[in-house]
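Visitor: I would like to learn how to read a few features of a model like this one. Could you take me through it step by step?

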Protein chains: 2
Amino acid sequence: MKKNYLLTPGPTPLPPEICEALSRPIIHHRTPQFQAILKEVGENLKKVYQTSNDVFILSSSGTGAMEAAVINLLSWGDQALVIEGGKFGERWTELCEAYGIKPVVVKAEWGKALDPEVLAEYLKKEPGIKVVFSTLCETSTGVTFDIKKFGEVVGATNAVLVVDAISGLGAIDIKMDEWGVDVLVSGSQKGFMLPPGLGLISVSPKAWKLTETSKCPKYYFDLKVAKKAWEQTDTPYTPAIGLVIALNEALKMMLAEGLENIFKRHHKLAEATRAAMKGLKLELFSSSSGSDAVTAVKVPQGIDGEKLVKTMRDEFGVTMAGGQGEMKGKLIRVAHMGYISEFDIILGISCLEKVLKRMGYVFEFGAGIKAAEEVLAK
Amino acid sequence: MKKNYLLTPGPTPLPPEICEALSRPIIHHRTPQFQAILKEVGENLKKVYQTSNDVFILSSSGTGAMEAAVINLLSWGDQALVIEGGKFGERWTELCEAYGIKPVVVKAEWGKALDPEVLAEYLKKEPGIKVVFSTLCETSTGVTFDIKKFGEVVGATNAVLVVDAISGLGAIDIKMDEWGVDVLVSGSQKGFMLPPGLGLISVSPKAWKLTETSKCPKYYFDLKVAKKAWEQTDTPYTPAIGLVIALNEALKMMLAEGLENIFKRHHKLAEATRAAMKGLKLELFSSSSGSDAVTAVKVPQGIDGEKLVKTMRDEFGVTMAGGQGEMKGKLIRVAHMGYISEFDIILGISCLEKVLKRMGYVFEFGAGIKAAEEVLAK
């Protein structure tokens, strides 16, 4: 018997209510029955996005929604700025380059956030920059960027701020309107507790102006077409009906818990996880700006990081993520995002202790659990 | 109590085995567990596509896979030809135009197929045409195009044949390799008996050469990137994991029934449906090339077509489709595609009889059912 536990930063575990919603008979999308669902989803998405703008639902991975942001705002030859502190920051750069937009790339060291002052200086030096691309939580490093400050900096210029909040939205706070985020992108498989397959995107009036001049060719991800359909409570093409119906249930669960409570829960789980890692004398990869959605820790000297993750998963059923890109084999990434309780964290740490001990890492059994329990008891 | 029955040409009803698969706990996509599923899906997709080429899985609607075909084969200014006989033929034209490709549009009258000779003449007149876009089953009219003949015609030229088989694949026969189809596009929510959210696309070696010269900008739908990932049994971005797992189950069900048996079942259901309509003295919209996936019939004089469809759905739970585009309000479209048995057809006709009678159409109760039963008993 092997019981499985998922502690990865996307996909995240599905609540039983979502499994049930996914298993329902399908309904047709151009019916009053589905329109009623779309309407409710639309209203509740605005609450979770903390915005008065519409949130469009795309049938795609989060990357599809990122592409929608790039190709609806910009044109070949335009200037943009990308804040790049990991694999998903790099994706903005790749997307810009694919469409002939040469971005000014502002690198944050992997595992570190970016000082908003640095961003301000770049924007002063390059007043032609139309769009600033950032990431809320860089999944590959476990860093949360200071979007509120970025919003202040970018808000004082003519540029618009686009944030990839695929990891993080619905887990950590991001106030789209209040913080001056112009385009907010997310996906279904993280804070929303759903399977992957939906990309979500909202556009402020300031950013919408750019869609009027954008010359990037587009069809499937054309947000003007999405907006026109949305005004009729419709989608341009057959949507991922089952996922939208499950999204409706997820949003109701999230709003019943309350956004503030969700953020507090994630913060507490993150604090417990960070404490546990310190208790085990493991080094956090991101010391000062660790994300409340996912914690990245360095694999200790002499331990094979890939084997560690593989053993936890294949022998004991506990799936965490390893490092990506330049950090492959060097990190363990434990997610505490979405449908995760304190005891999921406890069991994850217990499994980590079990396998670390077996691989020869020296520590006292229970040292991680003890530290976590102390935080969780507060 | 109102029990619901879905007889629409996408989405089509979900078998209980698929509902169960969709309700399973989610697993991570970069694991040997998911890779084993991807591998099996890949092998079985080739059998259903009747091809030795890889079939790539995109997380998108079918339209996303259509866009992938356009932007991976062509460049701005290229010449293409679109066979347009309904709303989904028009989509190829719109896609081409969005990317600066001015298509030669060959119109087939709505409800009629296109004589392959006409296609041959166009290709002779315009030897610069690189790609011919067609539709297997035009969902908006219930017409099946003669893809086998189109394959012969296009195969004799330098052009490649791209077929939108979103409606139809897995319901009616299309032999990709044998018939010379170069790019075959489909979606999850029709013959595959799944919810919408997956686009599928396969590319022949002849068509793959065009991807080497294509200059359309692309990222999310870049098939070269998809191919590279696929060679590692992977996808470039987080796939719609739950739908892929359900696709694995659907493919096993389809291959257990056998493609030939599936096609025979669909043909028999279509014949029964067509006979029923004649029994009710309703006129088939497509007389000579009616599709085995969906039957379109004209709403009789004096009957409000939209009200007819609405009453069947909202009062009796039987959902059929009405007309689209220029045929809005003028057609009833009954699908017999995917997880549909003969008794689903019987109940659909019974509901149609009930509501037609109530709306004042003159016929004898049971006339449609009788004709259908006679065909089904053969």
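Visitor: Let me begin with a single residue: which residue in β14(B) stands opposite B:A321?

Guide: Happy to help, and please keep in mind that this is a predicted model. Strands of a sheet pair through backbone hydrogen bonds, either parallel or antiparallel. Here, the residue facing B:A321 is B:R333 in β14(B). This belongs to the antiparallel pairing of β13 (residues 321-322) of chain B with β14(B), joined by two bridges.

Visitor: And how many bridges join strand β11 of chain B to β14(B)?

Guide: Five bridges link β11 (residues 294-298) of chain B to β14(B), and these two strands also run antiparallel. Within this pairing, B:V294 stands opposite B:A335.

Visitor: Which way do the residues of β14(B) point?

Guide: The general idea is that in a regular strand the side chains alternate between the two faces of the sheet. In β14(B), B:L331, B:R333 and B:A335 point one way, while B:I332 and B:V334 point the other way. Five of the five residues of β14 (residues 331-335) in chain B are buried, so the strand is largely enclosed by the rest of the structure.

Visitor: Moving to chain A, what is the strand order in its open sheet of three strands?

Guide: The order is β11-β14-β13 in chain A, with antiparallel pairing. β11 (294-298) and β13 (321-322) of chain A are at the edges with a single partner strand each, so one side of each has no neighbour in the sheet. Two bridges connect β13(A) with β14 (residues 331-335) of chain A, and A:G322 has A:I332 as its bridge partner in β14(A).

Visitor: Which helix lies across β13 and β14 of chain A?

Guide: That is α12 (residues 305-316) of chain A, which runs at about 35° to β14(A).

Visitor: Now a loop residue: is B:T235 buried or exposed?

Guide: B:T235 is buried, as 23 other C-beta atoms lie within 10 Å. B:T235 sits in the loop between α9 (223-230) and α10 (241-257) of chain B. Leaving aside residues up to four places away in sequence, B:T235 touches B:I57 and B:A229.

Visitor: Finally, what rotation superposes chain A on chain B?

Guide: Two copies of a chain are related by a rotation about an axis and a shift along it. For chains A and B the rotation is 180° with 0.0 Å of shift along its axis, and the RMSD is 0.0 Å. That is the relation of a two-fold axis. As for the interface, 100% of the interface residues of chain A are also interface residues in chain B, so the copies meet through the same surface.

Key: Residues numbered from 1 in each chain as written. Chains lettered and ligands numbered in written order. Predicted model: local features only at pLDDT ≥ 70, side-chain atom pairs only at ≥ 80, totals over all residues. Pairing = 2+ DSSP bridges. Helix = DSSP H or I, 4+ residues; strand = E, 2+ residues; numbered from the N terminus. Contact = placed C-beta atoms within 7 Å. Axes fitted to C-alpha atoms, helices over the stretch in contact; angles between N-to-C directions. Buried ≥ 20, exposed ≤ 12 C-beta atoms within 10 Å, placed from the backbone. Least-squares fit on C-alpha atoms with pLDDT ≥ 70 in both.
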